[in-house]
Structures are given as structure tokens and as C-alpha cells.
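Take a walk through this fold, from its overall make-up to its central strands and then out to its loops. Keep the model open as you read.

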Amino acid sequence: MIQRIIVSKAAKDALVYETGKFKYAETGGILCGHYKSDAIIITSASGPGPNALHSIDQFIMDKDWMYTFIDREYEISKGLNIYVGEWHTHPETTPRPSIVDAKSIYERTLEWEYGDIVFIIIGFIDFSEIKIKDQIVAVCYEKESDSICEIPIQFQEDQ
Ligand SMILES: [Zn+2]
């Protein structure tokens with residue numbers, strides 16, 4: 001079971017940049033990285049793609065763009081970095097996974113054969129880079145307990 005999520009500086013910068021771009025509508029993207037003992041190391045975070053749909057309470061990713069991003073990350077890292085999850089924003093300062101989020105992460109985890117996956121949710125009201133650490137939450141579906149668990153996040157630059 002995954003005990004922590006480690007976010008690289010490049011991934012954090014991408015999350016901050018992308019969240020700021022869609023301040024008043026939900027946005028999100030893909031998380032790529034790899035597994036290391038009890039952690040998921042997130043090395044990159046994509047944007048939503050040009051054909052994504054954004055509204056105040058919903059975000060639908062651009063699927064073609066998402067697959068292109070995953071393939072490119074895999075190639076650049078010579079097969080090290082793969083899809084490890086997704087991220088999106090919520091119109092709340094203290095983000096919590098919705099029922100829909102809980103259902104999606106449950107389904108994706110059962111589908112995904114390479115390891116656990118993580119959903120990162122970022123609250124975007126009053127968003128600024130300084131506050132990302134208070135407005136971000138990471139959740140995984142834990143098979144053993146059949147529940148959605150919050151996982152601690154570490155930012156790589158803090159280590
Ligand atoms: Zn959500």
C-alpha cells in the first residue's frame with residue numbers, strides 16, 4: 001500500500017501554473033511518475049489538453065491529448081515514467097473528493113495493473129503558489145480496507 005506521494009518540483013510548478021490558468025473553472029490533467037517502495041514519485045503533471053471541457057463544477061479531460069502526454073513521458077524517461085494518476089481542481093479551499101471522484105479512483109485502481117494510482121485535488125479559491133500546500137489533497141483507493149484514503153504529500157524541494 002502506498003504511504004506517501006512525492007511531488008517533484010517540475011510537477012508542482014506545472015500544477016501551480018495550470019491551476020492559475022483556469023482560476024474560476026475546474027481543470028486538471030494526468031500525473032506521470034513511478035513507484036519506489038511505499039511511495040509514488042510524481043515527475044510530471046499535464047494540463048487538460050486543448051479539447052477539454054471546463055465548468056464551475058465539472059472537468060472532462062481531452063483524451064487524445066492525455067494519451068499523447070503519457071506516451072511522450074514514457075519515451076523521454078526511457079520507460080521509467082508511466083501513468084500514475086490524475087489531478088483536478090475543485091471550487092473550495094479545503095478540497096475533498098466528491099462521490100464521483102471516489103467512484104472514478106475506485107474504478108481506475110481496479111483497471112490499472114501496474115500499481116496503485118493517486119488522485120490529487122487542488123482547491124482553487126484564493127489560490128496562490130504559497131497556499132498550494134494547504135489546498136492540495138492526495139487520495140488512493142485501498143483494496144485491503146475497501147476505502148478511499150488520504151495519503152501524505154511531500155514536495156521534493158523540501159527534502
Ligand atoms: Zn472532483
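Helices and strands here are DSSP runs: at least four residues of H or I for a helix, at least two of E for a strand, numbered from the N terminus. The model is a predicted one. On that basis, the protein has 3 helices and 10 strands. Along the sequence they follow the pattern β-α-β-β-β-β-α-β-α-β-β-β-β. The radius of gyration is 14 Å, close to the 15 Å that the globule rule gives for 159 residues, so the protein is as compact as a globular protein of that length.

The C-alpha atoms fill a box of roughly 35 × 35 × 30 Å along the principal axes. Of the 159 residues, 33% count as buried. Now consider the contacts with a separation of 6 or more. Residues 24 or more positions apart account for 68% of them.

The sheet comes next. How are its strands ordered? It is an open sheet of 8 strands, in the order S9-S8-S7-S6-S2-S3-S1-S10. The pairing is mixed. S9 and S10 (153-155) stand at the edges. Each has a single partner strand, so one side of each is left without a neighbour in the sheet. From one strand to the next, the twist averages 30°.

Start inside the sheet, at S7 (residues 118-123). Is this strand enclosed or open? A residue counts as buried if 20 or more other C-beta atoms lie within 10 Å of its own. By that cut-off, 6 of the 6 residues of S7 are buried, so the strand is largely enclosed by the rest of the structure. In a regular strand, side chains alternate between the two faces of the sheet. Val118, Ile120 and Ile122 point one way from S7. Phe119, Ile121 and Gly123 point the other way. All of these residues are buried.

S7 has S6 on one side and S8 on the other in the strand order. With S6 the pairing is parallel, over 6 bridges. Two of the partnerships can be located by residue. Glutamate 86 stands opposite phenylalanine 119 in S7. Histidine 90 has glycine 123 of S7 as its bridge partner. With S8 the direction is antiparallel, and 4 bridges join the two strands. There, isoleucine 122 stands opposite isoleucine 136 in S8.

How does the chain get from S6 to S7? Helix H3 (residues 99-111) belongs to this step: S6, H3 and S7 make a right-handed β-α-β unit.

Move on to S6 itself. Of its 9 residues, 7 are buried, so S6 too is largely enclosed by the rest of the structure. S6 also pairs with S2, running antiparallel to it, and 6 bridges join them. Leucine 31 has glycine 85 of S6 as its bridge partner.

Further along the sheet, S1 (residues 4-7) and S3 (residues 39-45) pair in the parallel sense over 4 bridges. Isoleucine 6 has isoleucine 41 of S3 as its bridge partner.

Two helices can now be placed against these strands. H2 lies across S2 (28-36), S3 and S6, running at about 30° to S2. H3 packs on the sheet, touching S7, S8 and S9. The direction of H3 makes about 50° with that of S8.

H2 (residues 63-76) deserves a closer look. It has 14 residues and reaches 20 Å from its first C-alpha to its last. That is close to the 20 Å expected at 1.5 Å a residue. After H2 comes lysine 78, whose phi is positive, near 55°. This residue is not a glycine. Lysine 78 lies in the loop between H2 and S6 (82-90). Is lysine 78 buried or exposed? It is exposed, with 7 other C-beta atoms within 10 Å.

A second loop offers a similar case. Aspartate 146 has a positive phi of about 50° although it is not a glycine. It is found between S8 (136-142) and S9 (147-150). With 8 C-beta neighbours inside 10 Å, aspartate 146 also counts as exposed.

Key. Residues are numbered from 1 along each chain as its sequence is written. This is a predicted model: local features need pLDDT of at least 70, side-chain atom pairs count only at pLDDT 80 or more; totals for chains, interfaces and linings use all residues. The expected span of a helix is 1.5 Å times one less than its number of residues. The radius of gyration is taken over C-alpha atoms; the globule rule is 2.2 Å times the number of residues to the power 0.38. A residue is buried if 20 or more other C-beta atoms lie within 10 Å of its own, exposed if 12 or fewer, and partly exposed in between; C-beta atoms are placed from the backbone. Two residues are in contact if their C-beta atoms, placed from the backbone, lie within 7 Å. Two strands pair if DSSP finds at least two bridges between them. A crossover is right-handed if, with the strands pointing away from the viewer, the path from the first strand over the helix to the second runs clockwise. Axes are lines fitted to C-alpha atoms, for helices over the stretch in contact, and angles run from 0 to 180 degrees between N-to-C directions.
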